[in-house]
Amino acid sequence: MLAQAARNTDPITSHMADEEITTSGQRAAQMMQAVQAVKDYPGHTSAELAKATGMDRSMLARRLPDARSLNFVKNGDTFRKCDVTGRKSITWYEL
């Protein structure tokens with residue numbers, strides 16, 4: 001089951017957006033796009049996946065944890081320097 005996308009402390013508009021994106025099926029569709037990106041580019045960060053696929057980095061950063069919670073993807077064992085941001089970042093792999 002997917003976690004709530006909006007925090008309890010977020011404004012009502014965030015909860016409304018959470019409900020809309022989830023019930024419309026858009027959240028699941030985006031999650032599967034993110035899973036496919038990880039399949040195509042394993043071991044990359046969300047910023048690297050965005051650069052490689054043309055997908056929105058924020059969308060990937062939101063949907064990859066969803067995919068992890070459903071056991072579609074996992075994180076790498078260590079952080080590494082992202083080629084896009086230059087910061088240590090999480091990497092993603094298919095399960």
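In which helix does Asp18 lie? In this predicted model, Asp18 belongs to helix α1, which covers residues 12-23. The overall fold is described before this residue and its surroundings are taken up.

The secondary structure of the chain consists of four helices and four strands. Read from the N terminus, the elements follow the order α-α-α-α-β-β-β-β. The C-alpha trace spans about 35 × 25 × 25 Å along its principal axes. The radius of gyration is 14 Å, which agrees with the value near 12 Å that a compact globule of 95 residues would have. Of the 95 residues in the chain, 29% are buried. The chain exposes about 6,100 Å², and carbon and sulfur atoms supply 51% of that area. When contacts between residues at least 6 apart in sequence are considered, 50% of them join residues at least 24 apart.

Asp18 has a relative accessibility of 13% and therefore counts as buried, since the cut-off for burial is under 20%. Apart from neighbours within four places in sequence, Asp18 is in contact with Gln4, Ala5, Ala6 and Arg27. One of these partners, Ala6, is found in the segment before α1. Ala6 is also a buried residue, with a relative accessible area of 5%. With residues up to four places away in sequence not counted, Ala6 touches Ser14, His15 and Asp18.

Two packed helices are described by the angle between their axes and the distance between the axes. For α1 and α2, the axes come within 4 Å and cross at roughly 70 degrees. The two helices are therefore roughly perpendicular to each other, because crossing angles of 65 to 115 degrees fall in that class. On the side of α1 the contact is made by Asp18, Ile21 and Thr22, and on the side of α2 by Gln26, Arg27 and Gln30. By class, the residues of this contact of α1 with α2 comprise one nonpolar, three polar and two charged.

Helix α2 also meets α4. The axes of α2 and α4 come within 8 Å, with a crossing angle of roughly 90 degrees. This places α2 roughly perpendicular to α4. The residues of α2 that take part are Arg27, Gln30, Met31, Gln33, Ala34, Val35 and Val38, and they meet Met59, Leu60, Arg63, Leu64, Asp66 and Ala67 in α4. The contact of α2 with α4 has eight nonpolar, two polar and three charged residues. Arg27 and Gln30 are thus named in the contact of α2 with α1 and in the contact of α2 with α4.

Helix α3 comprises residues 46-53, and its buried residues are Ser46, Ala47, Glu48, Leu49 and Ala50. These buried residues pack against two helices, α2 (26-40) and α4 (57-69), and against two strands, β2 (80-81) and β4 (92-94). Just after α3, Gly54 takes a positive phi of about 85 degrees.

A positive phi also occurs at Asn71, where the value is near 65 degrees and the residue is other than glycine. Asn71 is found in the loop between α4 and β1, the latter being residues 73-75. With a relative accessibility of 55%, Asn71 counts as exposed, as the cut-off for that class is over 50%. Asn71 and Ala6 are 65 residues apart in sequence, and their C-alpha atoms are 21 Å apart in space.

In the strand region, Tyr93 has its place in β4. Tyr93 is partly exposed, its relative accessible area being 32%. Residues up to four places away in sequence aside, Tyr93 touches Val38, Pro42, Gly43, Val73, Lys74, Asn75 and Gly76. Among these, Val38 is a residue of α2 that also takes part in the contact with α4. Tyr93 and Phe72 are 21 residues apart in sequence, with a C-alpha to C-alpha distance of 8.8 Å.

Note on methods:
Residues are numbered from 1 along each chain as its sequence is written. This is a predicted model: local features need pLDDT of at least 70, side-chain atom pairs count only at pLDDT 80 or more; totals for chains, interfaces and linings use all residues. Side-chain values use heavy atoms; hydrogens and water are left out. Buried means under 20% relative accessible area, exposed over 50%, partly exposed in between (1.4 Å probe, protein chains only). Contact means heavy atoms within 4.5 Å. Axes are lines fitted to C-alpha atoms, for helices over the stretch in contact, and angles run from 0 to 180 degrees between N-to-C directions. Angles under 35 degrees count as roughly parallel, over 145 as roughly antiparallel, 65 to 115 as roughly perpendicular and the rest as oblique. Ala, Val, Leu, Ile, Met, Phe, Trp, Tyr, Cys and Pro count as nonpolar, Asp, Glu, Lys and Arg as charged, and the others, Gly among them, as polar. The radius of gyration is taken over C-alpha atoms; the globule rule is 2.2 Å times the number of residues to the power 0.38. Accessible areas come from the Shrake-Rupley method with a 1.4 Å probe; for residues, only the protein chains shown count as cover.
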